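Reader: Please take a close look at a single part of this model. I would like the strand pairing first, and then the surroundings.

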Amino acid sequence: MSAAASAFTFSLSPNPLNLTHLLQRNTSLIVFSSASTSIGRNLKPPSLRRQLLFGVPIPHGSFKRSSSIFTPSRHFFSPVMEWQDCTVKSEIDVPVSVAYNAYSDRESIPRWMPFISSVKILEDKPDLSKWSLKYKAFGRDIEFSWLARNMQPIPNQKIHWRSLEGLPNRGAVRFFPKGPSSCIVELTVSYEVPQLLVPFASALKPFLETLLRRGLDRFATFAKSY
């Protein structure tokens, strides 16, 4: 019997009977239970009941909805979405305080980050900002948006955020002084792979890392004139 077979368990009372029926054609584990022998009345026609009790194979999707039986489905379990993490770093030829202040200017980020098209800080809640992403990649035009909250920063050391709505993501920027006039900026971005890009998931991380490195290179120029 294939390891991908599914198990169907039925519990009948008052005389409990556990019957395991392994199917070759279904890859989901589905558990049916009934608190009474009404299972016999709910399963129609009688031939279906005999198939369940005597081990006759039943094709996927043969069950009908009733008061005590759930209908099997190919989508019984929700898929677990994949998260990816990208980290890049760059040396910036400005003091760490200048780099920190330049990166804190969120509405200027579209000027140097290639795939960010707009950032708008909410006037009444300055810790919140609306972000838009637009970029052409993998043969399609990609557009996403999200609402992000900036968490409590550590001046000249760390800026971090997480999304509240829209594209799930979070991240942090860390600043390490290297001397009186230079520093290291390390950017980490974590995101849930959008359904649209699942077919390209293996290529998405190196692609985004390239864009982030390009963004930090442009940030280095931006920070010098900030």
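Author: Gly171 stands opposite Val189 in β9. The two strands involved are β8 (residues 169-179) and β9 (182-192); strands here are DSSP runs of E with at least two residues, helices are runs of H or I with at least four, and both are numbered from the N terminus. The model is predicted, so to speak of a local feature requires pLDDT of at least 70 and a side-chain atom pair counts only at pLDDT 80 or more, while totals for chains, interfaces and linings use all residues. Residues are numbered from 1 along each chain as its sequence is written, and side-chain values use heavy atoms, with hydrogens and water left out.

β8 and β9 are antiparallel and share 10 bridges; two strands count as paired if DSSP finds at least two bridges between them. A second pair in this ladder is Val173 with its bridge partner Leu187 in β9. The connection from β8 to β9 is a hairpin through 2 residues.

On its other pairing, β8 runs antiparallel to β7 over 5 bridges, and Gly171 appears again, this time facing Trp161. That connection is also a hairpin, with 2 residues between β7 and β8. β7 (158-166) is in turn joined to β6 by 5 bridges, again antiparallel, with Arg162 in β7 as the bridge partner of Arg149. From β6 (140-150), 10 bridges lead to β5, also antiparallel; in this ladder Lys130 stands opposite Leu147 in β6. The hairpin of β5 and β6 has 2 residues between the strands, and Phe138 in it takes a positive phi near 55 degrees.

Taken together, these strands belong to an open, antiparallel sheet of 7 strands in the order β3-β9-β8-β7-β6-β5-β4. β3 (83-92) and β4 (116-121) are the edge strands with a single partner each, so one side of each has no neighbour in the sheet. From one strand to the next the twist averages 20 degrees.

Two helices pack on this sheet. α3 touches β7, β8 and β9, and its direction makes about 160 degrees with that of β8; contact means heavy atoms within 4.5 Å. α4 touches β3, β5 and β9, at about 25 degrees to the direction of β3. Angles run from 0 to 180 degrees between N-to-C directions, with axes fitted to C-alpha atoms, for helices over the stretch in contact.

The helices also meet each other. The axes of α3 (residues 96-104) and α4 (residues 201-224) come within 10 Å and cross at roughly 110 degrees. They are therefore roughly perpendicular, the class for 65 to 115 degrees. Val98, Ala99, Ala102 and Tyr103 in α3 meet Leu216, Phe219, Phe222 and Ala223 in α4. By class this contact has 8 nonpolar residues, no polar and no charged; Ala, Val, Leu, Ile, Met, Phe, Trp, Tyr, Cys and Pro count as nonpolar, Asp, Glu, Lys and Arg as charged, and the others as polar.

Val189 also borders empty space. The largest cavity has 31 lining residues, and Val189 is among those nearest its centre, with Phe115, Leu133, Trp146 and Leu208. A cavity is a set of points on a 1 Å grid over the protein atoms alone where a 1.4 Å probe fits but cannot get out, and lining residues have an atom within 4 Å of a point. The largest cavity holds about 530 Å³, a volume being the space filled by probe spheres set on the points. β5, β6, β7, β9 and α4 each supply at least two residues of its lining, and α4 gives the largest share, 5 residues. The lining has 27 nonpolar, 3 polar and 1 charged residues.

Technical notes:
Parallel < 35°, antiparallel > 145°, perpendicular 65-115°, else oblique. 1 Å grid on protein atoms, 1.4 Å probe; cavity = no way out; pocket = protein on both sides within 12 Å on 5 of 7 lines; lining within 4 Å.
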